[in-house]
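Subject: Structure handover and notes

Hello,

Here is the structure I said I would pass on. Please open it alongside these notes.

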Amino acid sequence: MNSILRAVALSVGLLTNSGLASAQQIETIELTDDFYILISNGLGANVGVQVGPDGLLLVDTMMARGDEQFDAALADISDAPVRYVLNTHEHMDHNSGNARFSATGATVVYHAASPDMVLPREVRFSGTLSDEMVGTGVDIYTVVSHTMNDAIIHLPDANVIFMGDTYATNWHPTFYGGGREGQLGAIDLVLSLSDENTTIVPGHGPVTGTAGLILYRDTFTAWLGRVQELTEAGLTEDQMAADPELLDIFSHFQQEEGGRPIPDSSYRRFIQRTIETEFTPAG
């Protein structure tokens, strides 16, 4: 990971009805003097913040229930208005803030294959989009992996890449839009854009670098190989779930230091979804 990362936890807890702060808080990472990453910690997606001469550029937003904390985190960085919001895909934990930021003057940039949000200011794109926004270059690449409308967002000046939910450091792959080829294709694209100092931001979980993404790729490949072996051997899903080798492979998807193990129910569901996506004949 880039050695200049400096993490500062903000005291912006979510208030409950009793007035007490919950454990949920946003963590701010200062990547450079004008680029920040907000780690959502359960309030939605991780968010990028580029501070430019005429305002802020955001990569994704958070859930509406985290608006107060999100706004406080932005205010701690800059009092400049939000000028652009770039979405990595259509899911609400990544785009719930689109409408409110668009209503106050921001242009929202999202994949043309996503449902039309009918926003006051929007740009819909397909293929690859290269542009300069708030004084910095941005390259956006479309992939089919987690959904049919994923975007990989690269900010070369900050040497940071946002992968949305094509990558998580605290969860297993959710590769059901593009299957094996889509997931590996997204990873290969990001690795081709990266160097040893690139910061890679997953949709959820701590940021990492190429080593973390390579571990994720290798774990995913090992997972598919073992599920295929067990499927061809005629094991049931319950028998697969008890397989020590598969359990060990699965444990490596959790890359967050001190993070809680992924629940057993999710493990079993992942086995089922993997079989449905990759090893069930079409038709």
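What follows is a short account of the whole chain, then of a few strands and loops.

Please keep in mind that this is a predicted model.

Overall shape and surface

The protein has eight helices and 13 strands. For its 283 residues, a compact globule would have a radius of gyration near 19 Å, and the protein has 19 Å, so the two agree. Along the principal axes, the C-alpha atoms fill a box of roughly 60 × 45 × 35 Å.

Of the 283 residues, 49% are buried. If we take the contacts with a separation of 6 or more, 56% of them come from residues 24 or more positions apart. The exposed surface of the protein is about 12400 Å², and carbon and sulfur atoms supply 50% of that area. On charge, the protein has 13 positive and 38 negative charges, and the mean positions of the two sets are 6 Å apart.

Strands 6, 7 and 8

Strand 7 covers residues 107–111, and five of its five residues are buried, so this strand is largely enclosed by the rest of the structure. Strand 7 has parallel pairings with two strands. With strand 6 (residues 82–86), it runs parallel and is joined by three bridges; here Y84 stands opposite T107. With strand 8 (residues 122–125), strand 7 also runs parallel, joined by four bridges. In that pairing, V108 has E122 of strand 8 as its bridge partner.

R124 also belongs to strand 8. Its relative accessible area is 32%, so R124 counts as partly exposed. The C-alpha atoms of R124 and V108 are separated by 8.3 Å, with the two residues 16 apart along the chain. Beyond its neighbours within four places in sequence, R124 is in contact with Y110, H111, A112, S114, P115 and D116.

The loop between strands 7 and 8

Two residues in this loop are worth a look. The loop between strand 7 and strand 8 holds A113, and V118 is found there as well.

A113 is partly exposed, with a relative accessible area of 48%. Setting aside residues up to four places away in sequence, A113 touches M148 and N149. A113 and G185 are 72 residues apart in sequence, and their C-alpha atoms are 19 Å apart in space.

V118 has a positive phi near 50 degrees, and this is a residue other than glycine. With a relative accessible area of 66%, V118 is exposed, because the cut-off for exposed is over 50%.

Another positive phi, at D60

Phi of D60 is also positive, near 70 degrees, again in a residue other than glycine. D60 sits in the loop between strand 5 (55–59) and helix 1 (67–77). Is D60 buried or exposed? Its relative accessibility is 2%, and buried means under 20%, so D60 counts as buried.

Strands 9, 10 and 11

Strand 10 covers residues 136–143. Six of its eight residues are buried, so strand 10 is largely enclosed by the rest of the structure. Strand 10 has antiparallel pairings with strand 9 and strand 11, as set out below.

Strand 9 (residues 128–133) pairs with strand 10 in the antiparallel sense over six bridges. Within this pairing, L129 stands opposite I140 of strand 10. The two strands form a hairpin with two residues between them, and in that hairpin V134 takes a positive phi near 45 degrees.

Strand 11 (residues 150–155) is joined to strand 10 by five bridges, and these two strands run antiparallel. D139 has H154 of strand 11 as its bridge partner. Strand 10 and strand 11 also form a hairpin, with six residues between the strands.

For reading side chains along any of these strands, one general point may help. In a regular strand, side chains alternate between the two faces of the sheet.

Regards

Technical notes: Residues are numbered from 1 along each chain as its sequence is written. This is a predicted model: local features need pLDDT of at least 70, side-chain atom pairs count only at pLDDT 80 or more; totals for chains, interfaces and linings use all residues. Side-chain values use heavy atoms; hydrogens and water are left out. The radius of gyration is taken over C-alpha atoms; the globule rule is 2.2 Å times the number of residues to the power 0.38. Buried means under 20% relative accessible area, exposed over 50%, partly exposed in between (1.4 Å probe, protein chains only). Contact means heavy atoms within 4.5 Å. Accessible areas come from the Shrake-Rupley method with a 1.4 Å probe; for residues, only the protein chains shown count as cover. Lys and Arg count as positive and Asp and Glu as negative; His and the chain ends are not counted. The place of a charge is taken as NZ of Lys, CZ of Arg, CG of Asp or CD of Glu. Two strands pair if DSSP finds at least two bridges between them.
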